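Hi everyone, thanks for coming. I'd like to walk you through one model today, so let me put it up on the screen.

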Amino acid sequence: MGLSFELTSPTRIIFGNGAFENVPALAAGLGNNVLLVTGGSQRFSQELCISLEEKGLRTQIFAIGSEPKTENISEAVRLCRKQECNVIVGLGGGSAIDAAKAIAAMATNPGELTNYLEVIGQNKPITEKPLPCIAIPTTAGTGSEVTKNAVIKSVGHSVKVSLRSEMMYPKIAVIDPQLSMQMSPELTAFTGIDALTHLLETFVSASLNPFLDMICSDGLTRISGFLESAFLNGNDLEARENMAFAAMLGGIALANGKLGAVHGFAGPLGGMFPAPHGAVCACLLPAVMKVNIETLQNHGNTEKLERFRRLAVILTGNENSTPEDGTNWIENLVKKLQVPSLSALNVTRESFSILAEKAKVASSMKGNPVLLNDLQLLKILDLSVHF
Ligand SMILES: [Fe+2]
């Protein structure tokens with residue numbers, strides 16, 4: 001890897017305990033009429049709404065539900081235009097923040113949302129500058145606060161796809177680790193594994209560059225040290241801080257690099273089954289690692305295998321680790337975090353061939369360190385279901 005790279009991370013990041021208190025002043029610097037987008041949970045939204053109004057900002061709340069669907073975004077855009085909102089604030093997990101980013105973009109761009117979506121739409125480019133958006137994560141997972149895409153579910157197509165543009169980075173990310181202390185152990189596990197997967201897939205992908213290497217190494221070290229602690233003790237602030245930091249690094253990594261087969265499958269799987277994204281990633285990750293390592297060994301690709309060995313060293317803290325030790329470490333972690341299996345998430349064998357077909361054309365699949373054939377894709381699903 002020569003010293004040559006490109007990195008974009010235009011979001012102003014305000015990170016630290018208590019950072020949430022700055023939101024009204026930050027919003028006031030961007031406009032006077034706020035659309036506050038929340039997810040399934042309404043945590044902190046009333047509190048924020050009151051403090052925004054105290055600052056003299058008109059505030060509308062739009063609750064997006066557990067995951068943004070194309071029709072939710074269109075409904076919110078209509079409200080946003082009607083109320084002439086000029087600042088969008090996303091408060092919650094990835095769903096709320098992705099929705100906020102998509103609403104901010106569609107509020108200023110003409111036509112239907114589906115025209116702008118990748119895979120199922122025409123991938124039409126966003127041409128008008130989106131409304132300014134403040135992203136406030138209450139989980140530590142997606143990293144959406146620093147990325148340029150929004151994952152949206154199309155019920156008609158049974159798939160989750162991205163709306164993506166260089167203009168969609170939030171203007172400001174306010175990352176207050178204290179907000180994540182209220183997450184349940186289950187949500188901590190799912191979101192934490194999502195962050196881990198972003199860092200891990202970028203770390204072994206062909207898109208890695210020296211800057212992303214540094215970011216991913218640091219993020220993976222923090223997750224290997226702190227995810228289990230955050231799961232076991234939600235009030236462990238040091239663990240929450242490290243997870244919030246790692247999730248943000250994962251976001252920078254995925255915005256600038258490419259992911260891999262785990263996320264290649266996660267889009268179609270999440271579209272066809274109502275399973276949490278992080279749980280899906282957790283089930284797929286050990287199987288994808290196994291099949292990738294096995295294929296690289298068959299190809300004699302020592303350079304890419306060395307990436308998996310380095311990954312294992314970071315995760316285990318043992319300099320003598322083999323690539324397989326990394327897979328075992330992940331497998332153990334997923335067990336310790338009590339993630340349900342794909343079969344417990346009601347993913348059926350009958351869906352395997354269609355899942356493999358859809359995964360092949362998913363944008364994330366391009367980042368996988370090796371091109372996987374149909375048999376290998378089916379093997380991943382088979383191993384994941386057993387897991
Ligand atoms: Fe993800």
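Let's start with a question: how many residues does helix H12 have, and how far does H12 reach from its first C-alpha to its last? H12 covers residues 323-336, so numbered because helices (H or I, at least four residues) and strands (E, at least two) are DSSP runs counted from the N terminus. H12 has 14 residues and reaches 21 Å, close to the 20 Å expected at 1.5 Å a residue; that expected span is 1.5 Å times one less than the number of residues.

Two housekeeping points. Residues are numbered from 1 along each chain as its sequence is written. This is a predicted model, in which local features need pLDDT of at least 70, side-chain atom pairs count only at pLDDT 80 or more, and totals for chains, interfaces and linings use all residues.

Back to our helix. In H12, Pro323, Gly326, Thr327, Trp329, Ile330, Leu333 and Val334 are buried. Buried means 20 or more other C-beta atoms within 10 Å of a residue's own, exposed means 12 or fewer, and partly exposed is in between, with C-beta atoms placed from the backbone. Those buried residues sit on the same side of H12, because they cover an arc of only 160 degrees around the axis, taken from the directions from the helix axis to the C-beta atoms. They pack against H10 and helix H11 (302-316). Just after H12, Gln338 takes a positive phi of about 55 degrees.

Now the core. The largest nonpolar core (buried Ala, Val, Leu, Ile, Met, Phe, Trp, Tyr and Cys residues joined through C-beta atoms within 7 Å) has 131 residues, and Ala100 and Leu284 are among those that touch the most other members. Helix H10 (residues 277-299) gives the most to this core, with 13 residues. Leaving out residues up to four places away in sequence, Ala100 touches Val37, Ile88, Val89, Gly90, Cys133 and Ala135; contact here is C-beta atoms, placed from the backbone, within 7 Å.

What about the domains? The protein is divided into domain 1 (12-179) and domain 2 (183-386), with bounds from an automatic or database domain assignment. Their C-alpha centres lie 26 Å apart. The contact between them takes 22 residues from domain 1 and 28 residues from domain 2. On the domain 1 side, strand S7 (residues 159-164) gives the largest share, four residues.

One last stop: Gly225, in helix H7 (residues 210-232). Gly225 counts as partly exposed because it has 15 C-beta neighbours inside 10 Å. Thanks, everyone!

Definitions and conventions. Contact = placed C-beta atoms within 7 Å.
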